Amino acid sequence: MGGENRFMGLAYLSPYIIGLLLFTAVPFVASFVLSFTDYSLMSAPHFVGLKNYIKLFTGDRTFNKSLSVTLIYVFSTVPLKLAFALFIAVILNYKLKFINFFRTAFYVPSILGGSIAIAVLWRYLFQSGGGHEGLVNMALMAAGFEPVNWFGDPTNALFTITLLRLWQFGSAMVIFLAALQSVDNSLYEAAAIDGAGKWRTFFFITLPLITPVIFFNLIMQTVQAFQEFNGPYIITKGGPLKATYLLPLYIYDEAFKHFKMGYASAIAWVMFAIIMVLTLIAFWSSRHWVYYAGDKRS
């Protein structure tokens, strides 16, 4: 490559590199530095060492509650969402009438699910009490059941925002569908000749061949679940009794309501460390259950 072409390539890349440095790398490093300070935006940062981290793990009951709620939310939504997305992808992989319409219809919620408007709509769907029942309670009452207090009960409130997360399965479903369509049909034909049924074909041919995609979706969905903010903030505000108070809400409150930038940065870095540990565990375990093309393991 000539020198002129090399500089032309750098010129094309420079907007992305500058944006990456300004809006990702610099805030990333700055938040790490701030996590060791007492900083309220109104005065210069004051270095406090590990005080923020020590307080998090020894004297902050809100952090312990928020962390436990976040872990429950992540470990419940990620497996359910992956299983449901794979189930729908398997159905949509069949040659059905109006299949393109159904694929689009199932994908649309993943585009709209994280928006403020859908979170507001979700709140009205599950509204209860005060003589203003939402659509879900109206359907239950029409079927002869008692209305459910969706947002007043801690278990129901967490279940409600979990449902919103599951409803956004479209992106994972599309990736699963692409993986299913890439499986060589000759393998299915050989399995059919050997007398394998649909379940054995799925578990011993389809599932192993799409494990790289399952692994990719697992990592992406885990990271996204830890970063969930819009749904819990708009629908429940973290309540009741902090039953839906995920770590991103706690970080937001500490940073922009109480102006404790240093403490909020420490919480963010603890969450980042948890995500990193879980990701490393997933990569370590992938050696035992993820199979790539050309893999010669027995």
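A polar contact here is a pair of N or O atoms within 3.5 Å, where one must be able to donate a hydrogen and the other to accept it. With that in hand, a good place to start in this predicted model is Thr244, whose side chain makes such a contact with the side chain of Thr236 at 2.6 Å. The Thr244 side chain also reaches the backbone oxygen of Gly239, this time at 2.7 Å.

Thr244 sits in the loop between helix H12 (230–235) and helix H13 (247–256). Its relative accessible area is 0%, so Thr244 counts as buried, the cut-off for that label being under 20%. Leaving aside residues up to four places away in sequence, Thr244 touches Val69, Ala157, Leu158, Ile161, Pro232, Thr236, Gly238, Gly239 and Leu249. Gly239, one of these neighbors, is joined to Pro240 by a cis peptide bond, with omega at about -5 degrees. Pro240, too, is found in the loop between H12 and H13.

Stepping back to the whole chain, there are 14 helices and 2 strands, and the C-alpha atoms fill a box of roughly 75 × 75 × 40 Å along the principal axes. Of the 298 residues, 37% count as buried. Among contacts with a separation of 6 or more, 66% come from residues 24 or more positions apart. About 17,900 Å² of the chain is exposed, and carbon and sulfur atoms supply 71% of that area.

Two of the helices give a feel for inside and outside. Helix H8 (residues 170–181) has 12 residues and reaches 16 Å from its first C-alpha to its last, close to the 16 Å expected at 1.5 Å a residue. Buried residues in H8 are Gly170, Ala172, Met173, Phe176, Leu177, Ala179 and Leu180. An α-helix has 3.6 residues a turn, so residues three or four places apart point the same way. On the surface, a nonpolar patch of about 710 Å² is made by Phe7, Leu10, Leu13, Tyr16, Ile17, Leu20 and Leu21. Leu20, one of its members, lies in helix H1 (residues 3–34) and is partly exposed, with a relative accessible area of 35%.

Finally, a couple of backbone oddities turn up in loops. Leu41 has a positive phi of about 75 degrees even though it is not a glycine; Leu41 is placed in the loop between strand E1 (37–38) and strand E2 (46–47) and is partly exposed at 42% relative accessibility. Phe259, also not a glycine, has a positive phi near 55 degrees. Phe259 is found in the loop between H13 and helix H14 (261–289), where it is partly exposed with a relative accessible area of 41%.

How values were computed:
Residues numbered from 1 in each chain as written. Predicted model: local features only at pLDDT ≥ 70, side-chain atom pairs only at ≥ 80, totals over all residues. Heavy atoms only, no water. Patch = residues over 30% accessible without salt bridge, like charges linked within 9 Å, V, L, I, M, F, W, Y side chains within 5 Å. Areas by Shrake-Rupley, 256 points an atom, 1.4 Å probe, with all protein chains shown as cover. Salt bridge = Lys/Arg side-chain N within 4 Å of Asp/Glu carboxyl O. Helix = DSSP H or I, 4+ residues; strand = E, 2+ residues; numbered from the N terminus. Buried < 20%, exposed > 50% of the residue type's maximum accessible area, 1.4 Å probe, protein only. Contact = heavy atoms within 4.5 Å. Expected span 1.5 Å × (residues − 1).
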